[in-house]
Amino acid sequence: MPQDSVADPIESYVLYQYESCPFCYRVRRFLDHAGIDVESRDILRDPDARRALAEGGGRATVPCLRIERDGTVRWLYESLDIIGYLSKRFRVA
Ligand SMILES: N[C@@H](CCC(=O)N[C@@H](CS)C(=O)NCC(=O)O)C(=O)O
């Protein structure tokens, strides 16, 4: 497990997702296996989170990773793109 797997010094992340979504499960499983600790919001249980996703990202599709860096926010959709992105950031083999 990489040493920097529980935090990124440059970026912060929030994963928008919900329990029964298979694409969200794919991302959660990757995070578990890689030992990456990402704050997560369930958009079915938390209407404010759903609104934040729809307004910020432009649509309420999950999973979506909110990436904040130097005050700039990016919303990354697509489970495989999220996994690919975090794999690079955290140097997951
Ligand atoms: N290709 C996408 C599929 C994502 C997807 O279809 N998510 C569903 C939930 S399982 C969803 O949010 N549908 C509602 C919508 O797109 O507005 C991925 O791999 O992340």
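The following dialogue examines how the terms applied to this predicted model are justified.

Mentor: This is a predicted model, in which local features need pLDDT of at least 70 and side-chain atom pairs count only at pLDDT 80 or more, while totals for chains, interfaces and linings use all residues. Residues are numbered from 1 along each chain as its sequence is written, and side-chain values use heavy atoms, with hydrogens and water left out.

Trainee: What makes β1 and β3 paired strands?

Mentor: Two strands pair if DSSP finds at least two bridges between them. Strands are DSSP runs of E with at least two residues, helices are runs of H or I with at least four, and both are numbered from the N terminus. Six bridges join β1 (residues 11-17) to β3 (residues 64-69), so the criterion is met. The two strands run antiparallel, and Val14 stands opposite Arg66 in β3.

Trainee: Why are β2 and β4 placed at the edges of the sheet?

Mentor: The open sheet has four strands in the order β2-β1-β3-β4, with mixed pairing. β2 (39-42) and β4 (72-77) each have a single partner strand, so one side of each is left without a neighbour in the sheet.

Trainee: Which helix packs on this sheet, and what does it touch?

Mentor: Helix α2 (residues 47-57) touches β1, β2, β3 and β4, where contact means heavy atoms within 4.5 Å.

Trainee: Why are α1 and α3 called roughly parallel?

Mentor: Axes are lines fitted to C-alpha atoms, for helices over the stretch in contact, and angles run from 0 to 180 degrees between N-to-C directions. Angles under 35 degrees count as roughly parallel, over 145 as roughly antiparallel, 65 to 115 as roughly perpendicular and the rest as oblique. Helix α1 (residues 22-34) and helix α3 (residues 79-89) pack at about 15°, with their axes 9 Å apart; they are therefore roughly parallel to each other.

Trainee: How do you know that Asp46 caps α2?

Mentor: A polar contact is a pair of N or O atoms within 3.5 Å; within protein, one must be able to donate a hydrogen and the other to accept it, and residues adjacent in sequence count only if both atoms are side-chain atoms. A side-chain oxygen of Asp46 lies 3.1 Å from the backbone nitrogen of Asp48, so Asp46 caps the N-terminal end of α2.

Trainee: What makes the bond between Val62 and Pro63 a cis peptide bond?

Mentor: Its omega is about 0°. Pro63 is in the loop between α2 and β3.
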